[in-house]
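Hi,

Here is the structure I promised to pass on. Have a look at it first, and then read my notes below.

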Amino acid sequence: MALSGMLWRIIRKNMKTLTTKEVLARNEGWTEHFIRKFLPVHHSKRYCYRRRRGIRYHYAVADIERCLPLLKQDLERKARLAARPKGTSAEEKRQATFAKKFSTWREALPEGCALLFDLNRYAKHHSCTRGHKDEIYALKTDLIKLLYQGGYSVECYLHTTKGLPRICFGCDGLGYRYNGHECQRCEGTGTYAEARTLEFVVFQFLVGDQHYFWHSPRSHVTFPYRVTREESTNELTAEEKPITLKPAEFAGGKSLLRWIVAKKNSPSLLDRLLSA
Ligand SMILES: [Zn+2]
């Protein structure tokens, strides 16, 4: 055992390799991340020391010397990124463009509504993720409030509709199991919950020369509104509709809606003069 240990030390000395710990101790800016990124493993050796087991990696000194300029480059790039002035992210660039393009939030509304129209459709699409959907609906709620309070509402009415009953997952809605017996879970009905009644407030807005019909769940409408006509009995359609917006434009669309809402909530002097 002692001999093999000594032999090992002699071999190591001749191979000129360093362990991870030794590379870190060179104080050249090496981190475990950079070691993994740049250095090829010369060889590895399992160790077992007082119940601790693991693999010790060895790196050739020649490789360390060779990769040093690459490491320096990476460290400098990282330092430059850290020193970069804040406010140059894609979102902030877009916000700055909107501020140049539109002098008031009202001016941005025709474009904003057209974008929300497409985003609203996209939110119903099967490929839309949950997080994305929540974000779009939150923006929609904000914009509906802004449009209503900004005087763009033409009509406002309630709409009640019955959702689909919940299908029993024990029998996939069949009411009986694979062996022909009645499903115990749903007592043969195939559904585990009654269809819920969904209540919506429908807002009809006129922005520019475009009419928009937007539904909002009644519980989501937190501002006071006045119903202008009888309840609608049309059935709501949950089907997917074609989307004209390109995926790359989604981020820009959401960005503009955020800008409009933020601008409305902190009006500039011009906004206040115009609305007075
Ligand atoms: Zn069942």
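**An exposed tyrosine, to begin with**

Tyr-47 counts as exposed, because just 10 C-beta neighbours lie inside 10 Å of it, and 12 or fewer is what the exposed class asks for. You will find Tyr-47 in strand β2, which covers residues 43-49. If you leave aside neighbours within four places in sequence, Tyr-47 is in contact with Arg-53, Gly-54 and Arg-56. Please keep in mind throughout that this is a predicted model.

**The overall picture**

The protein has 9 helices and 8 strands. It is 276 residues in length, and 14% of them count as buried. If you take the contacts between residues at least 6 apart in sequence, 67% of these join residues at least 24 apart.

**The sheet with β4, β7 and β8**

Three strands make an open sheet here, in the order β4-β7-β8, with antiparallel pairing. The edges are β4 (153-162) and β8 (210-217); each has a single partner strand, so one side of each has no neighbour in the sheet. On average, and ignoring direction, neighbouring strands of this sheet are turned by 25 degrees against each other.

As general background, strands of a sheet pair through backbone hydrogen bonds, in either a parallel or an antiparallel way. In this case β4 and β7 (residues 197-207) run antiparallel and are joined by 9 bridges. If you want a pair to click on, the bridge partner of Thr-160 in β7 is Glu-199.

Which helix packs on this sheet? Helix α7 (residues 130-149) does, and it touches β4, β7 and β8. The direction of α7 makes about 120 degrees with that of β8.

**α7 and its helix partners**

Helix α7 also packs with α6 and with α8, so here are both pairs, described in the usual way: two packed helices are characterised by the angle between their axes and the distance between the axes.

Start with α6 (residues 105-123). The axes of α6 and α7 come within 10 Å and cross at roughly 140 degrees. That angle makes α6 oblique to α7, since the roughly antiparallel class takes angles over 145. The crossing of α6 and α7 is left-handed. On the α6 side the contact is made by Gly-112, Leu-116, Leu-119, Asn-120 and Ala-123, and on the α7 side by Lys-133, Ile-136, Tyr-137, Lys-140 and Leu-143. Sorted by class, the α6 and α7 contact has 6 nonpolar, 2 polar and 2 charged residues.

Then there is α8 (residues 247-265). Helices α7 and α8 pack at an angle of about 40 degrees, and their axes are 10 Å apart. This makes α7 oblique to α8, because roughly parallel is kept for angles under 35 degrees. The crossing of α7 and α8 is left-handed. From α7, the residues involved are Glu-135, Leu-139, Asp-142, Leu-143 and Leu-146; they meet Lys-254, Leu-257, Arg-258, Ile-260, Val-261 and Lys-264 of α8. By class, the residues of the α7 and α8 contact divide into 6 nonpolar, no polar and 5 charged.

Leu-143 is worth finding on screen: it takes part in the contact with α6 and in the contact with α8.

**A lysine in α8**

Is Lys-264 buried or exposed? Lys-264 is buried, because 21 other C-beta atoms lie within 10 Å and the class begins at 20. Lys-264 has its place in helix α8. Not counting residues up to four places away in sequence, Lys-264 touches Trp-105 and Leu-146. Lys-264 and Leu-146 are 118 residues apart along the chain, yet their C-alpha atoms are separated by 7.8 Å.

**Two positive phi angles in one loop**

Last, take a look at the loop between β5 (166-167) and β6 (191-193), where Asp-172 lies. Asp-172 is not a glycine, yet has a positive phi of about 55 degrees. With 10 other C-beta atoms within 10 Å, Asp-172 is exposed.

Glu-187 lies in the loop between β5 and β6 as well. Glu-187 is not a glycine either, and has a positive phi of about 50 degrees. Glu-187 counts as exposed, with 11 C-beta neighbours inside 10 Å.

Cheers

Key
Residues numbered from 1 in each chain as written. Predicted model: local features only at pLDDT ≥ 70, side-chain atom pairs only at ≥ 80, totals over all residues. Pairing = 2+ DSSP bridges. Helix = DSSP H or I, 4+ residues; strand = E, 2+ residues; numbered from the N terminus. Axes fitted to C-alpha atoms, helices over the stretch in contact; angles between N-to-C directions. Contact = placed C-beta atoms within 7 Å. Parallel < 35°, antiparallel > 145°, perpendicular 65-115°, else oblique. Left-handed = near helix turned anticlockwise from the far one by under 90°. Nonpolar A, V, L, I, M, F, W, Y, C, P; charged D, E, K, R; others polar.
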